[in-house]
Amino acid sequence: MREKLGFLLCVWFLLYGSCMGRFVVEKNSLKVTSPDSLKDVYECAIGNFGVPQYGGTLVGAVIYPKVDQKACKSFSDVDVSFKPRPGGLPIFLLVDRGDCFFTLKAWNAQNAGAAAILVADDRVEPLITMDTPEEDDARADYLQNITIPSALISKALGDNIKKALSSGEMVNINLDWRESLPHPDERVEYEFWTNSNDECGPKCESQIEFVKNFKGVAQILEQKGYTQFTPHYITWYCPEAFILSKQCKSQCINHGRYCAPDPDQDFSKGYEGKDVVVQNLRQACVYKVANEGKKPWLWWDYVTDFAIRCPMKEKKYNKECADQVIQSLGIDLKEIDKCIGDPDADVNNPVLKDEQEAQIGKGSRGDVTILPTLVINNRQYRGKLDKGAVLKAICSGFEETTEPAVCLTQDVETNECLVNNGGCWQDKAANITACKDTFRGRLCECPVVQGVKFVGDGYTHCEASGSLRCEINNGGCWKKTQDGKTYSACVDDHTKGCKCPPGFKGDGVKSCEDVDECKEKSACQCPECKCKNTWGSYECSCSGNLLYMREHDTCIGKDTKTEFSWGFVWVIILGLAAAGLGGYAVYKYRIRRYMDSEIRAIMAQYMPLDNQGEVPNMAHGNV
């Protein structure tokens, strides 16, 4: 029976893989910094185990062991340790490929104190991905405990490093994962390719444990818009020639269109592959319905609760138990059933059809062939399926300075601003710094504080600018209070710069010194003036019964000023009175002449006036 299953899977891989197989090896940068003969940047393949330092770098010295050069045995058996001395560089152990699993080599190197393992290929070929072994051959007690990063290097590079080491040269290497994942913007898109099967050995157990541990972080990132998450499920189709076979009928739904392997690879008992396909479809539908309701993070709750409440070993891996979980989360059960459709119908299921198409690699991403796995910003994640390791990888996908706070915690990255302020400008008095901690390191960039923008190079100089700049540490300018008076060299209506106020001189930044107007004879210099310097100003008094006029820097008599003032008032009053009388006289004269002329004109119409001559009578005819 197992032989038939193996044959069926081989047929599927031949048909399915030949059409669209395109596996992409995920790589990181390896830079040899010494010796000079090897200085260059090389590619290496990231192992699919351990914890790659996504977004970071690791510097170390290479050692090629004299014994057990394939690292297939524990180095403690030969009393060899690769732990560096205090102050020494971390050790990168170079080993040869062959004779045992990649994971065992890494485990033995880690136990011997190595910080990373470099596996030199034993043949000339393109780089491959070092994966974990098949479950039948794996020892689950160490697979999930590997924490050091691993990389496969080419045979040529491995031979050159060995040659340099044998000549007594020190080989230093910088492993760089900063560009292993794209980081174009402030949001990370990632996919989790998973399976509802919980009886597939250590991989399934680690997958379930990961979902439980990562759920809280994933939901926060999703709810706050930092990430866009999508779960996916791998299915395969049954070749048409085997659709009616027992294997296809037990492993597939919708007439062989969507299949999954038998959980325990025993067709005579337990759950079948088609049960896994249906539960995978149900989980995909939960995400689809929850996402349409603007709550995609409910997928994490459902998958976690289903794993706890409906395990295969308790015979609860069924629709009844799943429906109870769905209802407890307030998800519309009718919409879920509608999405699942009829698994026995000879039709395509839209959700599973999309899942099969999504397995095909697009752009820089290869086909999804390793399960479980993550795809982050369209690049496949390589490494241990662990909360901390995956979170580091996701954090490395954010554009620098846009990372959420969770990416800047001590457990995820090292805050370089805590040591010597990262070499950036700072104002200790105002507790302002240009150092910005990022997941990849730090940036020296003048800050914006309470709406006030600082300008400068960020390393040696930052200066407040804008209208509100004096509110922040007085704009970096001089300020002092003395004798109840406060003076400042910061002026709000200036966008930048410092200027000592009147009465002071200096640079306006570090100091402003009082100007002695009396000594410099710049004020209070009239003959009767008496000058006394004060902080920021001066006092001037006059001798005798005189008053000091500051604007004219002169002294005048009090009586003179009074008489002059009253005389000036009387002049104004008399002037106004004369102007009023003159105006009234002119007014009366003009009005009277006008009235006289009007009256004369009216009377002239009815009677002759005295100054008009009589008109003689005219006789007509003969006398």
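**Exercise 1. Which handedness does the crossing of H5 and H8 have, and how do the two helices run relative to each other?**

Solution.
- The crossing of helices H5 and H8 is left-handed. The model is predicted.
- Locate the pair: H5 covers residues 202-223, and H8 covers residues 298-309.
- Take the axes. They come within 9 Å and cross at roughly 150°.
- Apply the cut-off. Angles over 145 degrees count as roughly antiparallel. H5 and H8 are therefore roughly antiparallel to each other.

**Exercise 2. Which residues make the contact between H5 and H8, and how many fall in each class?**

Solution.
- Start with H5. It contributes Ile208, Val211, Lys212, Phe214, Lys215, Ala218 and Gln219.
- Turn to H8. Its part is Trp300, Asp301, Val303, Thr304, Ala307 and Ile308.
- Sort them by class. The contact has eight nonpolar, two polar and three charged residues.

**Exercise 3. Trace the closed barrel. In what order do its strands run?**

Solution.
- The barrel has seven strands, and its pairing is mixed.
- Follow the order E1-E2-E6-E5-E4-E3-E7.
- Check the turn between neighbouring strands. On average it is 40°, with direction ignored.
- Now look at E1 (residues 27-34) and E7 (residues 172-176). These strands pair in the antiparallel sense over five bridges.
- Pick one residue, Lys31. Its bridge partner in E7 is Asn174.

**Exercise 4. Find helix H2. Which strands does it lie across?**

Solution.
- H2 spans residues 102-111.
- It lies across strand E4 (91-96) and strand E5 (116-120).
- Compare directions with E5. H2 runs at about 140° to that strand.

**Exercise 5. Why is helix H12 described as largely enclosed?**

Solution.
- H12 covers residues 387-395, nine residues in total.
- Recall the cut-off: buried means under 20% relative accessible area.
- Seven of the nine residues are buried, so H12 is largely enclosed by the rest of the structure.
- Name them: Ala389, Val390, Leu391, Lys392, Ala393, Ile394 and Cys395.
- Find what they pack against. The partners are strand E8 (188-194), H5, strand E9 (227-233) and strand E12 (373-376).
- H5 links back to the opening exercises: that helix also crosses H8.

**Exercise 6. Step back to the whole chain. How many helices and strands does it have, and what share of its residues is buried?**

Solution.
- Count the elements. The protein chain has 14 helices and 28 strands.
- Take the burial. Of its 623 residues, 43% are buried.
- Add the contacts. Consider those with a separation of 6 or more: residues 24 or more positions apart account for 62% of them.

Technical notes. Residues are numbered from 1 along each chain as its sequence is written. This is a predicted model: local features need pLDDT of at least 70, side-chain atom pairs count only at pLDDT 80 or more; totals for chains, interfaces and linings use all residues. Side-chain values use heavy atoms; hydrogens and water are left out. Axes are lines fitted to C-alpha atoms, for helices over the stretch in contact, and angles run from 0 to 180 degrees between N-to-C directions. Helices (H or I, at least four residues) and strands (E, at least two) are DSSP runs, numbered from the N terminus. Angles under 35 degrees count as roughly parallel, over 145 as roughly antiparallel, 65 to 115 as roughly perpendicular and the rest as oblique. A crossing is left-handed if the near helix is turned anticlockwise from the far one by less than a right angle, and right-handed if clockwise. Contact means heavy atoms within 4.5 Å. Ala, Val, Leu, Ile, Met, Phe, Trp, Tyr, Cys and Pro count as nonpolar, Asp, Glu, Lys and Arg as charged, and the others, Gly among them, as polar. Two strands pair if DSSP finds at least two bridges between them. Buried means under 20% relative accessible area, exposed over 50%, partly exposed in between (1.4 Å probe, protein chains only).
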